[in-house]
Amino acid sequence: MSVPPHVTTRMAPSPTGLLHIGGVRTFLFNYLFARQHGGQNRLRIENTDTGREVAAAVEQIQESLRWIGIEWDGAITFQLERMDDCRRVAEQLVAEGKAYEDEGAIRFRMPNEGVTAWDDAVRGRVEVANETIEDLVLVRSDGRPTYNFASPLEDVWDGITHVIRGEDHISNTPKQIRIIEAIGGAVPVYAHVPSIFGEDGKKLSKRHGATGVEEFRAAGYLAPALMNFLALLGWAPDGETTIMSRDELVERFDLARVSSSPARFDYAKLDWMNGVYLRALSPDEFAQALVDYLREQGYDWDEARVRAAAPLVQEKIATLGEFPGFAGFLFHDVEPVALDGGADVVAAARAALAELEPFEAASIEAALRAVLERLGLKPRQGFAPIRVAITGSKVSPGLFESIELLGRETTLRRLSASGG
RNA sequence: GCCCCCAUCGACUAGCGGUCCAGGUCACGGCCCUUUCAAGGCCGCAGCACGGGUUCGAAUCCCGUUGGGGGCACCA
């Protein structure tokens, strides 16, 4: 596909609720394509309404985009502000006989013969018989332009060269092409990207899990991981490469390689990928990410201790959101767990740790292993009761490092509470 | 009902007529490592929706069927 000199794409969300992850994937493709060609990526709000809710949603959209790392160029435009211009064009069309009034509304005259076709950048040629397209309403009887009129007009006004949008717009495309031709505008290249479904093949919705960008953020996903994952939904550079930075994505993205068939959102794979990104962080970066995340989520846990705990969990959690559940015992008391057996080890462990010097992971391990050996217990069975007593769970970060971090006093107290 | 789009392992995909008894990743199963859980290493399971063509040769091209999805608004 030949690409015109000044590529301009656009992201056109409507300001309703949280920014949906499916829409973000489409926006990402716009962004990657524009950046790759050194072009512009515009942000246009398709609102036909005004109000506090809209203002809040617009702010939310920007915040979500900023967080995940999808940039836009120039000022944000609002569809609502161009309603007058749309009306003027409609009147002009009526004057030219290309549109007509109908019960107070203005309708576009669609041809009744022939076909309207375009070469879709991801699907190839698409043809629609004109007789199947009705004369669509351009301006409602109350004076407001419709989406199918305003959107193509804005594409022309903004010099959009590539309209990359969801496949649910395919049937709107012939109508919009006709309108653009009627006003003598340049018809952009259209690229309809496949939808994203939930794991059951149905439209991605709440019951599948998180759907809003902010929800993924709150769940502790890293922005680069989410972006990487999203990029691979409906596109692949070669079938081998899976982990790619934003720069690589920009460099390798290719509209022609975008799949035509819908993709399912695989939460398990996202978790895996997020874990890969988490582990790839340097210890300092990981600790910082953890600190920032916890603060954002409203935890007031001691920062120094969070940083100290970070190395114990970096290889064990897939999302930052797992940290509180996994390492919370380092920050708050745990419920003494009733043990069925194991009281002996716990008591022996308490005795061994009471006077231990220095109170460090290595010496703690040595002391505890000595206890187990004395009692003739396998590590597997011997450490379990101690772990439960100290962490309140059968699953935890490394026992010895955890005990060191917890300190002698707390450790002994928990051991005692569990029958030691 | 009419129009349009789609169809490779459970999932994301590579494949664009021979290099494919179909490759990679996630998930799943097994083994190793191991203080739990992970991580890591090794091995494995599993797919071209179906039926016709075209061709010396088809996962790849064409037609049909079936199955999904979207649209047919004075919604966006």
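This is a tour of a predicted model, with stops to select in your viewer.

**Before you start**

Residues are numbered from 1 along each chain as its sequence is written, while chains are lettered from A and ligands numbered from 1 in the order in which they are written. Because the model is predicted, local features need pLDDT of at least 70 and side-chain atom pairs count only at pLDDT 80 or more, whereas totals for chains, interfaces and linings use all residues; side-chain values use heavy atoms, with hydrogens and water left out.

**Stop 1: RNA strand B**

Select RNA strand B and the residues near it (a residue is near a strand if one of its heavy atoms lies within 4 Å of it). Of the 60 residues around the strand, Arg-123, Arg-140, Gly-234, Lys-316 and Arg-387 come nearest. On the RNA side, sugar and phosphate make up 71% of the strand B atoms that come within 4 Å of the protein.

Colour this surface by class (Ala, Val, Leu, Ile, Met, Phe, Trp, Tyr, Cys and Pro are nonpolar; Asp, Glu, Lys and Arg are charged; the others, Gly among them, are polar). There are 20 nonpolar, 16 polar and 24 charged residues. Elements that each supply at least two of the residues include β7 (124-129), α9 (267-280) and α15. Such helices (H or I, at least four residues) and strands (E, at least two) are DSSP runs, numbered from the N terminus.

Now zoom in on three residues. Which atom of strand B lies 3.0 Å from a backbone N or O atom of Gly-239? A base nitrogen does. At Lys-269, a polar side-chain atom lies 2.9 Å from a base oxygen of the strand. At Arg-279, an N or O atom in the side chain is 3.3 Å from a sugar or linking oxygen of strand B.

**Stop 2: the largest pocket**

Hide the RNA. A general point comes before the pockets: rolling a probe the size of a water molecule over the atoms shows where empty space is left. Here, on a 1 Å grid over the protein atoms alone, a pocket is an open set of points where a 1.4 Å probe fits, with protein on both sides within 12 Å along at least five of seven lines; lining residues have an atom within 4 Å of a point. Grid points are joined across faces, edges and corners, and a volume is the space filled by probe spheres set on the points.

The largest pocket holds about 930 Å³ of space. Its lining has 39 residues, and those closest to the centre are Gly-22, Gly-23, Thr-26, Asp-168 and His-169. Select α1 (21-36) next, one of the elements that supply at least two lining residues. Helix α1 gives the largest share, six residues. By class, the lining has 14 nonpolar, 15 polar and ten charged residues.

**Stop 3: the second largest pocket**

About 300 Å³ of space lies in the second largest pocket. Select Trp-67, Leu-222, Ala-289, Asp-292 and Leu-320, the closest to its centre among 14 lining residues. Two elements, α7 (223-231) and α10 (283-296), give two or more residues to this lining. The largest share, five residues, comes from α10. The lining divides into nine nonpolar, one polar and four charged residues.

**Stop 4: Asn-148**

Asn-148 sits in helix α4 (residues 147-157). Is Asn-148 buried or exposed? Asn-148 is buried, because its relative accessible area is 12% (buried means under 20%, exposed over 50%, partly exposed in between, with a 1.4 Å probe and protein chains only). The side chain of Asn-148 makes a polar contact with the side chain of Asn-172 at 3.2 Å. A polar contact is a pair of N or O atoms within 3.5 Å; within protein, one must be able to donate a hydrogen and the other to accept it, and residues adjacent in sequence count only if both atoms are side-chain atoms.

**Stop 5: helix α17**

Select residues 408-417, helix α17, whose buried residues are Thr-410, Thr-411, Leu-412, Arg-414 and Leu-415. These buried residues pack against α13 (343-354), α15 (379-391) and α16 (399-406), where contact means heavy atoms within 4.5 Å. After α17 comes Gly-419, with a positive phi near 100°.

**Stop 6: two loops**

In the loop between α13 and α14 (361-375) find Pro-358. A cis peptide bond joins Glu-357 to Pro-358, with omega about -10°.

Finish at Glu-103, in the loop between β4 (99-102) and β5. Its phi is positive, near 50°, in a residue other than glycine. Glu-103 is exposed, with a relative accessible area of 76%.
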